[in-house]
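Here is a set of short exercises to work through with the model open beside you. Try each task before reading its solution.

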Amino acid sequence: RLRSRGLGDVYKRQMIRKIFKTIILSSSLVLTVTSCDLDQYPNDSISTETSWETVDDAVKFRNGIYSYFKSINGGIYTYTADQQSDLFNATISYSNRGGDMHRWDFTAAQYDVEDIWQYNYYTINNCNNIIANIDKIAAEKEEDKATLNMIKGEAYLMRAICYNTLVTRFASDYEPATAASAKGLPLVLEMDPQGKPSRSSLEDTYKQIKQDIKEARANLTTKGEANSVYFTVDVIDAIEARVDLYMHNYAEAITLAKGLIDKYPLVADANMFSNMWLNDESSEIIFKSFQSVDERANSMSLYLSYSTTTESFNPDFIPSKWVLDLYEDGDIRKEVYYRKDKITCLETTVDDVYMLNKYPGNPKLKKSEYEYYQMPKVFRVAEAYLIAAEASYQANDEVNALKYLNDLRTQRGASVVTATGDALFKEIKNEWIREFVGEGQRMNDLKRWHDGLQRHDPQNQAILMIGADYTELTKEASDKRFLWEIPNNDMNANSNIEGNW
């Protein structure tokens with residue numbers, strides 16, 4: 001049985017795929033114009049010379065890349081990896097949405113994975129357009145020069161973020177000793193419609209990400225502030241701290257994380273914490289991807305979908321009981337992140353099951369009552385605490401690992417941890433779950449730690465898909481599907497791209 005949201009998602013995906021079915025990596029380098037006035041030009045093209053003449057032209061292209069960036073956050077770009085993880089269980093009414101990911105039998109033709117690959121590269125290509133052409137604009141006023149530098153810096157930074165997203169999903173974990181021989185990403189750095197790039201090494205992919213971050217620092221000087229919907233110098237620090245953690249640059253990651261911790265205070269009050277997830281406003285948010293009621297993207301309805309027919313909720317996925325059990329009484333995250341209510345899946349009704357409540361639907365983004373749109377909180381300061389804790393532990397500094405871990409925990413209403421050694425690392429790992437459950441982080445963490453996956457201790461099995469492929473699924477860290485495969489479309493069109501599997 002397909003509910004209305006399922007039919008809508010299927011229809012939209014079919015239409016998008018009809019439009020883009022012939023656009024693949026090797027030919028996706030065509031100039032994308034999103035905001036220019038095309039009335040005076042042919043319908044099928046616009047010359048580069050006439051589209052890069054004024055600062056206003058650059059601003060329009062800037063609006064275009066932010067629009068693209070909005071489209072690659074939230075929705076499938078967040079929950080596809082979580083469907084694969086050990087944190088959630090599929091309900092009996094999930095209608096196989098995300099079933100191949102959840103069962104770990106997905107192929108190189110998995111449609112959500114294809115979209116994540118392709119749309120990140122579309123965004124990269126639009127950033128390349130800005131990087132290649134913005135210096136053609138001659139600006140005399142200092143404020144215009146500053147605007148152009150800002151836009152160039154934003155383009156470099158967005159490209160770095162997109163490549164980082166792709167490398168954590170489509171390449172192996174970065175290990176300094178093997179990165180030079182491991183497969184990275186095809187690096188598309190200029191506009192070449194006939195280009196068929198091969199994969200770079202993992203080392204070179206990360207070098208490019210770091211180089212783009214360096215270029216962003218040289219051009220982008222926008223001061224950071226909470227709830228920013230544009231890139232700032234603090235967004236640069238946030239992504240570089242994340243990258244440095246993965247690259248084992250632990251001292252650098254700690255320094256960058258500490259700088260963010262000093263600027264963005266955590267909230268300890270449950271109501272203020274709830275406001276961050278309902279209204280997308282908080283002192284903790286370093287950057288969020290803007291949405292409005294007329295400019296929405298990527299609903300998160302699979303966790304809280306409501307049926308007016310049964311007057312109860314009907315989620316596709318619910319958190320496992322072992323995840324809920326990680327929280328102490330008094331931890332404000334347990335109160336805010338989860339909701340226990342009446343649930344009806346097919347003909348079975350229960351009232352003892354918790355649902356993920358991180359995406360309850362921002363009231364300002366709703367056109368009707370039961371909609372679940374949020375502004376994706378791409379960077380928030382809680383990550384800085386966990387980066388600092390994990391990096392300190394990996395650098396054999398357990399004192400500061402405990403400090404950063406407990407600073408986060410106590411603000412959330414949890415007790416102080418006193419563990420050492422492996423037990424401390426386990427607490428850090430569990431804190432990543434407690435804080436970032438449902439934000440698409442878990443699979444990245446497991447791969448970074450070289451940990452396998454084991455689903456266990458689900459909630460009420462009366463409403464769940466059960467068995468070896470579902471509630472009891474186990475995968476070793478060496479399983480090939482920890483790395484997503486390069487989509488078939490791209491490998492078929494570009495013989496230079498070598499797959500993962």
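**Exercise 1. The nonpolar cores**

Which residues of the largest nonpolar core touch the most other members?

Solution. Keep in mind that this is a predicted model.
- Step one: the largest nonpolar core has 138 residues, and those touching the most other members are Leu157, Phe231, Tyr303, Phe379, Val381, Ile428 and Val437.
- Step two: look at where the core's members come from. Helix H7 (residues 142-170) gives the largest share, 14 residues.
- Step three: take isoleucine 428 as an example. Leaving aside neighbours within four places in sequence, isoleucine 428 is in contact with Leu386, Ala389, Glu390, Tyr393, Ala401 and Leu405.
- Step four: apart from the largest core lies another one, of eleven residues, including Leu304, Ile318, Cys345 and Tyr372.

As background, nonpolar side chains tend to be buried together in soluble globular proteins.

**Exercise 2. Aromatic pairs**

Classify the ring pair of tyrosine 94 and tyrosine 470, then find where the two residues lie in the chain.

Solution. A pair of aromatic rings is described by the distance of the centres and the angle of the planes.
- Step one: the structure has 28 aromatic pairs. In the pair of tyrosine 94 and tyrosine 470, the ring centres are 6.4 Å apart, which is within the 6.5 Å limit for a pair.
- Step two: the planes of these two rings stand at 90 degrees, over the 60 needed, so the pair is edge-to-face.
- Step three: tyrosine 94 sits in the loop between strand S1 (88-90) and helix H5 (99-103), while tyrosine 470 sits in the loop between strand S13 (453-454) and strand S14 (474-475). The pair therefore links distant parts of the chain, 376 residues apart.
- Step four: tyrosine 94 and tyrosine 470 are both buried.

Now repeat the steps for tyrosine 327 and tyrosine 338.

Solution.
- Step one: the ring centres of tyrosine 327 and tyrosine 338 are 5.4 Å apart and the planes are at 70 degrees, so this pair is edge-to-face.
- Step two: tyrosine 327 lies in the loop between helix H12 (321-324) and helix H13 (332-337), and tyrosine 338 lies in strand S8 (residues 338-340), so the pair ties together parts that are eleven residues apart in sequence.
- Step three: both tyrosine 327 and tyrosine 338 are buried.

To finish, pick out the aromatic cluster formed by Tyr66, Phe69, Tyr230, Phe231 and Phe287.

**Exercise 3. Charges over rings**

Over which rings do the charged ends of lysine 358 and arginine 380 sit?

Solution.
- Step one: the charged end of lysine 358 is over the ring of tyrosine 337, 4.2 Å from the ring centre.
- Step two: the charged end of arginine 380 is over the ring of phenylalanine 436, 4.4 Å from the ring centre.

**Exercise 4. Two residues and their surroundings**

Is histidine 102 buried or exposed, and is glutamate 311 buried or exposed?

Solution.
- Step one: histidine 102 belongs to helix H5. Its relative accessibility is 0%, so histidine 102 counts as buried.
- Step two: the side chain of histidine 102 reaches the backbone oxygen of glutamine 83 at 2.7 Å. Beyond four places in sequence, the residues in contact with histidine 102 include Phe88, Phe317, Arg455, Asp469 and Tyr470.
- Step three: glutamate 311 is in the loop between strand S5 (306-307) and strand S6 (312-313). With 58% relative accessibility, glutamate 311 counts as exposed.
- Step four: leaving aside neighbours within four places in sequence, glutamate 311 is in contact with Tyr306 and Lys342. The C-alpha atoms of glutamate 311 and lysine 342 are 8.4 Å apart, with their positions 31 residues apart along the chain.

**Exercise 5. Salt bridges**

How many salt bridges does the structure hold, and which parts of the chain does the bridge of lysine 183 and glutamate 498 tie together?

Solution. Side chains of opposite charge can pair when their charged atoms come close.
- Step one: the structure holds 39 salt bridges.
- Step two: in the bridge of lysine 183 with glutamate 498, the closest N and O atoms are 3.8 Å apart. Lysine 183 is in strand S2 (residues 183-186) and glutamate 498 is in the segment after helix H18 (488-493), so the bridge ties together parts that are 315 residues apart in sequence.
- Step three: arginine 333 and glutamate 435 meet in a salt bridge at 2.9 Å, N to O. Arginine 333 is in helix H13 and glutamate 435 in helix H16 (residues 421-436), 102 residues apart. Both arginine 333 and glutamate 435 are buried.

Notes: Residues numbered from 1 in each chain as written. Predicted model: local features only at pLDDT ≥ 70, side-chain atom pairs only at ≥ 80, totals over all residues. Heavy atoms only, no water. Phe/Tyr/Trp six-rings, centres within 6.5 Å; stacked < 30°, edge-to-face > 60°. Helix = DSSP H or I, 4+ residues; strand = E, 2+ residues; numbered from the N terminus. Buried < 20%, exposed > 50% of the residue type's maximum accessible area, 1.4 Å probe, protein only. Lys NZ or Arg CZ within 6 Å of the ring centre and 35° of its normal. Polar contact = N/O pair within 3.5 Å; in protein donor to acceptor, adjacent residues only side chain to side chain. Contact = heavy atoms within 4.5 Å. Core = buried A, V, L, I, M, F, W, Y, C linked by side-chain atoms within 4.5 Å. Salt bridge = Lys/Arg side-chain N within 4 Å of Asp/Glu carboxyl O.
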